[in-house]
Amino acid sequence: MADKNATLKLPDGKSLDFPVLSGTTGPDVVDIRTLYGKSGMFTYDPGYLSTASCSSSITYIDGDAGVLLYRGYPIEQLAQHCDFLEVCYLLKYGELPSRSQKDEFVNIVTHHTMVHEQLARLYQGFRRDAHPMAVMVGVVGALSAFYHDALDITNEQHRIISAFRLIAKMPTIVAMSYKYSIGQPFMYPKNNLSYTANFMRMMFGVPTEEYKVNEVLVRAMDRIFILHADHEQNASTSTVRLCGSSGANPYACIAAGIASLWGPAHGGANEAALQMLEEIGDVSKVPEFIRKVKDKHSGVRLMGFGHRVYKNYDPRAKLMRETCHEVLEELGLHNDRLFKLALEMEKIALEDDYFVSRKLYPNVDFYSGIVQRALGIPVAMFTCIFSLARTIGWIAQWQEMISDPEYKIGRPRQLYKGATRRDVKPIDKR
Ligand code: SDX
């Protein structure tokens, strides 16, 4: 019997007790799994504002305090002391790797970076001007047609090899999506480069000359991956979990996550935030734009601001702003027009009661577009980069769900407001 209970008083006067469960930190939960059986009623929570869909040990967010922990480690410390593959190891296994564990993990990932040669032909089926996220959804979903030797999710070895293939091949697939869109040849991965340097070379290198690695830019890209790696039960992660709950193969689940991340309210916000800054163009236009944002009828939002969970500064936004500054300094772009506009917009918004009263602060997407643009990544590729980084989070959450003893297919119910039973009339009588 749980040591804490919540009592629900029903309209017919009956009272029902439900156990209150506590995690290691964060809000308690009321375990209402028996509610429907005991009362014939459902809970109602569109958008899941007050619903915990699962228990998890991977990522913890305190939205009021602006805290983000991966397996207990503050994102600030991971961004400073680790590289992305160390963070992948941490999210996947729950602990930071020792030197030998890291070397083994990196070696396995490195030797899975190539894709099946026929996969390159799949790209030919897309228009060159297709949005790269459309290509990503298609190509990642199609991986199950190439790696069908290990799709049984009940087989641990299959889960392990699928996870490594996805972590290792996403940079190659993203870079191929970019090269295809600009009509340049695909670049094969090079095993003597780090994960992120390899990605930058596959994106910006050409077969006709040696690619010169810029360690400052590689470190910035690596940090962008770390900041986007996981984020609790957000829309795309919940999509991956729900898709995986039916037993679908991991490639289909990750493709579903990519599809969900594409939305402008979610991972597509960095693309939308940069387009917003381009449209505003100049600091003098900010007050007029802010006026439109406050006008409910305009439908205009300050993209890259606000968050369902963070009601304080998104800790990733602070780190992204620092990274932005470093990259612009390295590239001699410290007077970058959009960066200065973004800084001014942030300052104005954070002094405006509309944003302060609604606890709207910059989120991870507000600065990430500016730094990616400075790195030479085209706007349409921003969410592909987000997908690359989030793949490890999706995989860790998917693996955790499958090994959860409470694992079952997800099947929400509804509050039905449609027509009650009625009979069909012959068409001449309708
Ligand atoms: C990501 O969930 C995650 O963890 C996601 C993510 C991750 O790592 O996986 O963190 C990544 O998706 C970050 C969020 C990126 N999205 C954007 O930047 C798009 C702009 N932001 C929003 O549309 C909005 O803030 C959401 C979608 C992020 C959150 O929306 P909520 O929690 O449903 O809040 P809401 O829409 O109910 O807004 C509450 C109020 C409303 O005003 P009132 O009706 O109370 O008067 O705040 C207003 C909204 O109109 N509001 C905004 C706003 N966001 C909310 N007004 C202007 N600009 C905004 N950006």
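**Exercise 1. Find out how many residues surround the ligand, and which are the closest.**

Step 1. Start at the ligand and gather its neighbours: 24 residues surround it, where a residue is near a molecule if one of its heavy atoms lies within 4 Å of it. The closest of them are H231, R301, H307, R316 and R390.

Step 2. Before going on, keep in mind that this is a predicted model, in which local features need pLDDT of at least 70 and side-chain atom pairs count only at pLDDT 80 or more, while totals for chains, interfaces and linings use all residues. Residues are numbered from 1 along each chain as its sequence is written, and side-chain values use heavy atoms, with hydrogens and water left out.

Step 3. Sort the shell by class: it holds 10 nonpolar, seven polar and seven charged residues. Here Ala, Val, Leu, Ile, Met, Phe, Trp, Tyr, Cys and Pro count as nonpolar, Asp, Glu, Lys and Arg as charged, and the others, Gly among them, as polar.

**Exercise 2. Look for side chains with an N or O atom by an oxygen atom of the ligand, and state how much of the ligand the protein buries.**

Step 1. Use the polar contact as your guide (a pair of N or O atoms within 3.5 Å; within protein, one must be able to donate a hydrogen and the other to accept it, and residues adjacent in sequence count only if both atoms are side-chain atoms).

Step 2. Try R316: a polar atom of its side chain is 2.7 Å from a ligand oxygen. For R390 the distance from a side-chain N or O atom to an oxygen of the ligand is 2.8 Å, and for K296 it is 3.1 Å.

Step 3. Now turn to area. On its own the ligand exposes 1,100 Å², and the protein buries 76% of that; accessible areas come from the Shrake-Rupley method with a 1.4 Å probe, and for residues only the protein chains shown count as cover.

**Exercise 3. Work out the strand order of the sheet that holds strand 4, strand 5 and strand 6, and name its edges.**

Step 1. Strands (E, at least two residues) and helices (H or I, at least four) are DSSP runs, numbered from the N terminus. Two strands pair if DSSP finds at least two bridges between them.

Step 2. Strand 4 (residues 59-62) and strand 5 (residues 67-70) are antiparallel partners over four bridges. T59 has Y70 as its bridge partner, and I61 stands opposite L68. Four residues lie between these strands in their hairpin, where G66 takes a positive phi near 70°.

Step 3. Strand 5 is also joined to strand 6 (residues 73-74) by two bridges, again antiparallel, and L69 stands opposite P74. This hairpin has two residues between the strands, and R71 takes a positive phi near 50°.

Step 4. Put the pairs together: the open sheet of three strands has the order 4-5-6. Strand 4 and strand 6 are at the edges with a single partner strand each, so one side of each has no neighbour in the sheet.

**Exercise 4. Repeat the approach for the sheet with the order 1-2-3.**

Step 1. Five bridges join strand 1 to strand 2, and the two run antiparallel; T7 stands opposite D17. In their hairpin, with five residues between the strands, G13 takes a positive phi near 95°.

Step 2. Strand 2 (residues 15-21) is joined to strand 3 by two bridges, antiparallel as well, and L21 stands opposite V29.

Step 3. The result is an open sheet of three strands with antiparallel pairing. Strand 1 (5-9) and strand 3 (29-30) are its edge strands, each pairing on one side only.
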